[in-house]
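Trainee: Got a minute to walk me through this one? I'd like to start with a loop and work outwards.
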Amino acid sequence: MQQLKANLIEHIKTSFKDAREKDYPNENRLDFYVNKQCIPSILTYAKDRLGYIHLSHIAIVDWLEDGEIELIYIIWSPEEKIKMFVRTRVERENSVMPNIDMIWRQANTYEREFREMYGIQFQGLEGEQDFLLEDWDGPPPMRRDFDTEAYADDTFFHRPGREDAQDVREAITKRSGEEIPDFAKKYSR
Amino acid sequence: MINDKNSQKIVDIIQNWARKQSIWVLAYGTGCGAIEIPPTMTSRYDAERLGVRGAATPRQADVLLITGYLTTKTLKRVIRVYEQMQDPKYVIGFGSCTINGGMYYDSYNTIKVLDKYLPVDVYINGCMPRPESVLAGFGKLQELIGNGEANGATKYKENLEWYRANQKKIIPNWVMPEYNW
Ligand code: SF4
C-alpha cells in the first residue's frame, strides 16, 4: 500500500507541477491541493490513467476568514482501494470554477447545488437555474456570512412564545407530586 | 318545508354525524413526522377502525394531513392540493414545525406558522407526535366535525384575500390556477 501510494504521488507530481501534497496519516488516502485551472485535467488524468473511475463526493468548505471557498473532489479507485482528495480553493467574490460534468455526469447535480447554495458559477454548466430553492432572491443561503435567523425573521411569520414561559418539567411535578431528581434540576429553568 | 331553519338544523346534524364517521386522509408527508403515519394506519394502531383511512387523490380526500415542515417550494404544492379538494375539507397540522417552526424556527426556507397560509382545524403537537396523539388528534377533529365547528374551509373562502396576501408574500411568482368554488 505504501509503495502504491508513493507511486501515485510520484505520478501526479510529475504530471502536475503545482500539486501540493497535504500530509494525511491514513494510508489509504491521498490528499492534494491544486490550482483550480488544473481540476479538469487532474481528474481526467486520474480517471483515465490511474483507474480512479468513481467520483464519491464533492465537498465544499467556506473559509470566510481567508475569503476563499474550498472544493474537495473525492475520487476512488476500486482496484487500488485508495481514496484521492483533490482540493482547490476559489475566491469568494465572483467565484468561477471549471466545470467537470463531462468527466462524471453526476457532478452536474453537485455543481447546480453549489451554484445555488454558495453562488459559485461553473463555466458552461447546463441545467435549470433553480434547483432546490424556488423563487429565491436572497444571497446564496449556505455561505457563512448569510444570517439565516435575521432572514427568517423578516420573511416569515413567527408565533410568539407563551408569556408564562412555563417549565414543562416543573408543571408536571406540581401536578403529580413527583420529585425532580437532583441531576435533572440543573436543566430546569 | 325544506328551507326552514329547524329542518336545516336536522339535516346539518345528520350530515355532520355522517361526515365524522368516515375521514379520508390525504397525507402530505414531506416532513420527517410522516414516519408515524404507517404505524397509525397499520395493524398496531389501526386507524381504520375509527373510519380514518388513506385517500389516493386530493379530490377524494376530506382531510389534508400536513406532516411537519413546509418549505416555500412545498407550500406551493400544498396550496394547490388544498384548493383542489372538495368540500367538506379539513386541515390537520402535524408536529411542532407546523405550529411554530419547531427546530426549523430559524431556517431560511421553511414557513413557521401554517395557519397564516391555510386554515388549520386541528394541531397535533410533538416532534414527532406518537400514533396515540395522532389518533387523539383525529378524535378531536371528529368531535369538532360532529359539533359543526370544523369550519376551516368556510374561513378560507371568506378570508381568501387575507390568505392569498400571506401566500403571495413568500411566493412572489404566482403561477397557480384560480379556482372558483
Ligand atoms: S415537528 Fe419534528 S418530526 Fe415533525 S417535521 Fe418538524 S422536525 Fe420533523
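Mentor: Sure. Start in chain A, where N94(A) sits in the loop between β5 and β6. Keep in mind that this is a predicted model.

Trainee: OK, is N94(A) buried or exposed?
Mentor: N94(A) counts as exposed because its relative accessibility is 70%. Its phi is near 45 degrees, a positive value in a residue other than glycine.

Trainee: Why flag the sign of phi at all?
Mentor: Because most residues other than glycine have a negative phi.

Trainee: Which other residue should I look at for that?
Mentor: D135(A), with phi near 55 degrees. D135(A) is in the loop between β7 and α4 of chain A. With a relative accessible area of 19%, D135(A) is under the 20% cut-off, so it counts as buried.

Trainee: And what does the side chain of D135(A) pair with?
Mentor: K76(B), in a salt bridge with the closest N and O atoms 3.5 Å apart. K76(B) belongs to helix α3 (residues 72–84) of chain B, and D135(A) to a loop of chain A, so the pair joins two chains. K76(B) is buried too. K76(B) also meets E134(A) in a salt bridge, at 3.0 Å from N to O.

Trainee: How many salt bridges cross the interface of chain B and chain A?
Mentor: The rule finds 4 there, and the count over all chains comes to 20.

Trainee: What about the contact itself, in residues and area?
Mentor: It takes 25 residues from chain B and 19 from chain A. The two chains bury about 1,900 Å² between them, with 56% of that on carbon and sulfur atoms. On the chain B side, K73(B), D106(B) and Y108(B) lose the most area to chain A, together 35% of what that side buries.

Trainee: Back inside chain A: what does R92(A) pair with?
Mentor: D62(A), in a salt bridge at 2.9 Å, N to O. That one links distant parts of the chain: D62(A) is in strand β3 (residues 54–63) and R92(A) in the loop between β5 and β6, 30 residues apart. Both D62(A) and R92(A) are buried.

Trainee: And R89(A)? Which residue does its side chain meet?
Mentor: R89(A) meets D66(A) in a salt bridge at 3.0 Å. R89(A) is in strand β5 and D66(A) in the loop between β3 and β4, 23 residues apart. R89(A) is partly exposed at 24% relative accessibility, and D66(A) is partly exposed at 45%. Salt bridges with shared partners join R89(A) and D66(A) into one network with R29(A), D31(A), E68(A), E70(A) and R87(A).

Trainee: New topic: helix α2 of chain A. Which of its residues are buried?
Mentor: I39(A), I42(A), L43(A), Y45(A) and A46(A). Seen down the axis, they fall within an arc of 160 degrees, so they line one face of the helix. What covers them includes α1, β4, β5 and β6 of chain A.

Trainee: And the ligand? What is the shell made of by class?
Mentor: The shell has 7 nonpolar, 5 polar and no charged residues. Among them are C32(B), Y69(B), M103(B), C127(B) and M128(B).

Trainee: Where are the cis peptide bonds you'd check?
Mentor: One joins C127(B) and M128(B), with omega about -5 degrees. M128(B) is in the loop between β5 and α5 of chain B. Another runs from D87(B) to P88(B), with omega near -10 degrees, and P88(B) is in the loop between α3 and β4 of chain B.

How values were computed: Residues numbered from 1 in each chain as written. Chains lettered and ligands numbered in written order. Predicted model: local features only at pLDDT ≥ 70, side-chain atom pairs only at ≥ 80, totals over all residues. Heavy atoms only, no water. Buried < 20%, exposed > 50% of the residue type's maximum accessible area, 1.4 Å probe, protein only. Helix = DSSP H or I, 4+ residues; strand = E, 2+ residues; numbered from the N terminus. Arc of directions from axis to C-beta. Contact = heavy atoms within 4.5 Å. Near = heavy atom within 4 Å. Nonpolar A, V, L, I, M, F, W, Y, C, P; charged D, E, K, R; others polar. Buried area = accessible area lost by both parts, 1.4 Å probe.
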